[in-house]
2 protein chains.
Amino acid sequence: MGLKKVNKSLVVQKYGGSSVADQEAIEKVAEKVISSARSGQKVVVVVSAMGKSTDELIKLAKEINPEPSEREMDMLVSTGEQVSSSLLAMAIHKRGFDALSFTGPQVGIITDTYHTQAKILKIETDRIKKQLEKGKIIIVAGFQGVSTALEITTLGRGGSDLSAVALAVSLNAQLCEIYTDVEGIYTTDPRKVKSARKLPFIAFDEMLELASSGAQVMHTRAIEVAKKFNLKLHVRSSFSKKEGTIIMEKPPLIEEVIVRGVTLAEDEAKVTLCDVPDRPGIAAFVFDQLAQSGINIDMIVQNVSRRKMTDISFTVDENKLKKTISKTKEISENIGAGRVISNKNIAKISVVGIGMRSHSGVAARCFSVLAKNKINIDMISTSEISISCLVKKESGKKALRILHKEFKLDKKKKRGKR
Amino acid sequence: MGLKKVNKSLVVQKYGGSSVADQEAIEKVAEKVISSARSGQKVVVVVSAMGKSTDELIKLAKEINPEPSEREMDMLVSTGEQVSSSLLAMAIHKRGFDALSFTGPQVGIITDTYHTQAKILKIETDRIKKQLEKGKIIIVAGFQGVSTALEITTLGRGGSDLSAVALAVSLNAQLCEIYTDVEGIYTTDPRKVKSARKLPFIAFDEMLELASSGAQVMHTRAIEVAKKFNLKLHVRSSFSKKEGTIIMEKPPLIEEVIVRGVTLAEDEAKVTLCDVPDRPGIAAFVFDQLAQSGINIDMIVQNVSRRKMTDISFTVDENKLKKTISKTKEISENIGAGRVISNKNIAKISVVGIGMRSHSGVAARCFSVLAKNKINIDMISTSEISISCLVKKESGKKALRILHKEFKLDKKKKRGKR
């Protein structure tokens with residue numbers, strides 16, 4: 001990292017679908033972009049498709065073919081970002097500034113060949129750099145690239161964030177701004193807990209835990225890449241001028257913050273594979289088989305075994321439950337395990353904070369405050385910086401409020417200087 | 001021409017915007033494509049954007065910037081054909097056939113750098129050929145290409161026809177089918193004259209005269225290319241199985257047909273530049289100046305001069321009248337000519353047929369039948385295979401009916417074998 005010269009005058013800005021939903025919104029984005037250009041910065045803008053336009057394209061496709069080929073889906077949906085990026089260029093032109101829009105393939109975003117969920121292999125930045133040097137504002141259609149087989153690919157969920165972060169890293173930008181329809185990262189979901197507070201800073205690791213625990217602001221993949229290359233992110237609203245939340249390796253005043261946020265995920269289901277023979281490698285086999293079927297596992301709990309048998313429980317996306325049960329039954333027969341039970345009536349509460357690394361007792365405090373409020377915990381899993389508990393679905397929101405209050409997330413703390 | 005091997009098993013089919021307007025229409029196109037594939041043909045399909053989707057994109061652009069840059073317009077509108085081509089691929093997949101959609105750039109349609117009206121320089125057909133050999137149905141987004149500067153370009157009006165014809169020529173196809181919302185080429189516009197008849201055959205030259213005289217079925221550029229490479233075209237309806245009209249160099253039984261069709265153009269205006277000094281090269285100067293201002297001239301008439309002065313009259317698209325008058329006034333001052341008069345109250349009637357080459361008296365017959373019906377002719381111009389007359393706008397439709405009847409275009413003739 002220390003070897004590369006950071007380009008202090010260059011900023012990458014990403015605007016999500018709601019930020020470019022219609023003419024008015026696009027005009028506002030143009031103003032924001034120009035205001036950065038006026039301040040002397042070189043600007044690379046990454047845009048998502050307008051509002052719900054991607055959903056409309058998907059609907060159209062499914063009407064024609066309920067199981068459309070992934071290659072053709074990529075051809076189809078990649079048009080959405082091309083539309084919004086050219087419109088933004090026009091809005092910038094109207095204000096007398098020079099801008100050029102590009103598709104992902106045009107700016108050399110090279111991916112692997114996995115359609116609808118391609119991974120970026122490299123970015124050939126020559127074309128962008130040349131135009132930046134000429135003083136142009138560069139607009140890039142997010143979410144897309146061109147595969148090594150010369151096919152149009154898309155990057156899957158959160159793809160435009162990933163385009164922005166990868167471009168910022170490749171161009172050695174000092175900062176990547178993620179403009180969205182919320183004002184930043186909150187201690188918890190403000191729609192569920194009124195006293196939720198916007199965080200001035202958050203660490204990459206905390207953000208990763210929050211993102212995978214139900215906070216929808218940014219997708220995990222983009223945060224992972226930013227963390228890997230130590231690229232500072234600024235998540236902020238495209239509808240206001242307020243500062244948002246800075247995501248960085250080490251937020252200032254980190255010692256004082258033990259818990260940064262709590263989240264609630266209500267779209268998971270629990271599956272238990274009973275009476276699994278306790279042989280070495282058996283859990284690895286189970287989860288390898290599930291992974292090969294494209295089933296993403298979230299929490300995993302395996303208790304100590306009794307009489308050489310154990311139960312393995314895990315959670316999956318509710319939508320994948322049917323598929324997961326059928327696959328797990330297959331695995332069970334294969335390894336001589338017992339029956340497969342599932343439960344959709346669950347909610348996952350997660351408490352996240354890198355301060356936990358050096359503070360003990362956070363888990364105990366969680367469990368005891370939930371117990372005191374008569375909320376049963378069904379399953380627990382922890383990482384170095386997070387604690388997740390499964391509770392009954394109907395207790396989810398209450399548990400969220402209780403934990404948010406318990407860790408005083410509703411109280412304003414002293415802020416570190418930016 | 002004799003040197004290239006025609007690929008008898010390959011057909012290029014082009015479907016216009018109304019043929020892919022919605023889900024149902026796209027499904028029907030899929031059926032048609034598959035029926036050709038079933039008969040053992042290799043099929044390359046070129047599609048336009050769905051229905052009015054291009055118009056909607058243009059409207060969106062104009063809301064944001066009344067004078068959008070042509071480069072960005074190409075970025076924007078080229079998405080329309082990408083959408084319809086991927087949807088058609090999905091519809092074909094559903095029926096168990098293998099198909100791949102491609103953008104213009106992906107199939108190597110290389111153009112010059114004139115955005116919104118680019119010319120095709122060459123087509124690199126390797127990628128298509130490779131996939132055709134694998135038995136795939138190829139779907140190409142019409143109307144678009146990639147410029148030598150690696151920018152997305154569009155081909156202007158009639159662009160998808162041009163894509164289809166150019167692909168058919170490059171792939172040495174035996175035939176290019178143009179599917180549209182009419183059943184073929186008619187002796188005149190059936191909406192204006194009830195007794196209009198569909199023609200089984202028409203010569204390239206006749207079609208060129210008809211196209212530039214108001215028949216909207218195909219654009220001149222595509223016909224010119226087909227003629228140049230002697231590529232047979234079949235214009236037919238995507239909503240029926242009926243044979244349409246074959247456009248070819250020498251239709252069978254050509255001797256018997258003197259007039260193939262009559263057309264009426266009601267969107268032109270006449271401009272007269274009075275008292276032009278009769279010097280060599282003066283007309284060339286006038287029209288060169290107009291051409292440089294992007295004004296397309298249709299008819300031109302210059303009478304014999306009296307006292308070293310002459311009047312030059314010409315017709316232009318009504319929409320360009322204001323611009324034309326102002327430019328012509330400028331030219332007039334420049335060359336010391338007189339005033340500029342214009343007239344929007346005109347209609348152009350054209351009588352077209354390659355039989356005229358060997359039959360005299362057609363012009364006389366036109367003029368006399370119009371005179372007999374008290375329709376004044378304001379201006380006349382003729383080519384080897386056509387006669388055009390300007391009449392008052394209110395007499396246009398009547399003149400059309402009279403001429404259609406006079407040349408017995410409403411009567412069925414013996415048909416040549418296909």
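1. Let's start with one residue. B:Val257 is buried: 23 other C-beta atoms sit within 10 Å of its own, and 20 or more is what it takes to be called buried. Keep in mind while you look around that this is a predicted model.

2. Where is B:Val257 in the chain? You'll find B:Val257 in the loop that runs between strand E12 (245-248) and strand E13 (261-265) of chain B. If you then look for B:Leu273, 16 residues away along the chain, its C-alpha atom is 38 Å from that of B:Val257.

3. Next, the two chains together. How are the copies related? Chain B superposes on chain A, with an RMSD of 0.2 Å, after a rotation of 179° and a shift of 0.1 Å along the axis. So what you have here is the relation of a two-fold axis. To find that axis by eye, go to B:Thr79: in chain B, its C-alpha is the nearest to the axis, at 2.6 Å. Both copies use the same surface, as 100% of the contact residues of chain B recur in chain A.

4. What does that contact look like? On the chain B side 24 residues take part, and they meet 25 residues of chain A. Three elements of chain B give two or more residues each to this side: helix H1 (23-38), helix H2 (53-64) and helix H3 (70-94). Which one gives the largest share? That is H3(B), with 13 residues. Sorted by class, the chain B side is made up of twelve nonpolar, eight polar and four charged residues.

5. On to the inside. The largest nonpolar core holds 252 residues, and the members that touch the most others are A:Val45, A:Leu88, A:Ile139, B:Val45, B:Leu88 and B:Ile139. B:Val45 is a good one to click on. Leaving aside residues up to four places away in sequence, B:Val45 touches B:Gln13, B:Tyr15, B:Val33, B:Leu88, B:Ile137, B:Ile138, B:Ile139 and B:Val140. Two of the names in that set, B:Leu88 and B:Ile139, also appear in the list of members with the most core contacts.

6. Last stop, a hairpin in chain A. Strand E15 (residues 297-302) of chain A pairs with strand E16 (residues 309-317) of chain A in the antiparallel sense, over four bridges. For a landmark, take A:Ile300, which stands opposite A:Phe314 in E16(A). Between the strands of this hairpin there are six residues, and A:Arg307 adopts a positive phi near 45°.

How values were computed
Residues are numbered from 1 along each chain as its sequence is written. Chains are lettered from A and ligands numbered from 1 in the order in which they are written. This is a predicted model: local features need pLDDT of at least 70, side-chain atom pairs count only at pLDDT 80 or more; totals for chains, interfaces and linings use all residues. Two residues are in contact if their C-beta atoms, placed from the backbone, lie within 7 Å. Ala, Val, Leu, Ile, Met, Phe, Trp, Tyr, Cys and Pro count as nonpolar, Asp, Glu, Lys and Arg as charged, and the others, Gly among them, as polar. A nonpolar core is a set of buried Ala, Val, Leu, Ile, Met, Phe, Trp, Tyr and Cys residues joined through C-beta atoms within 7 Å. A residue is buried if 20 or more other C-beta atoms lie within 10 Å of its own, exposed if 12 or fewer, and partly exposed in between; C-beta atoms are placed from the backbone. Two strands pair if DSSP finds at least two bridges between them. Copies are superposed by least squares on the C-alpha atoms of residues with pLDDT of at least 70 in both.
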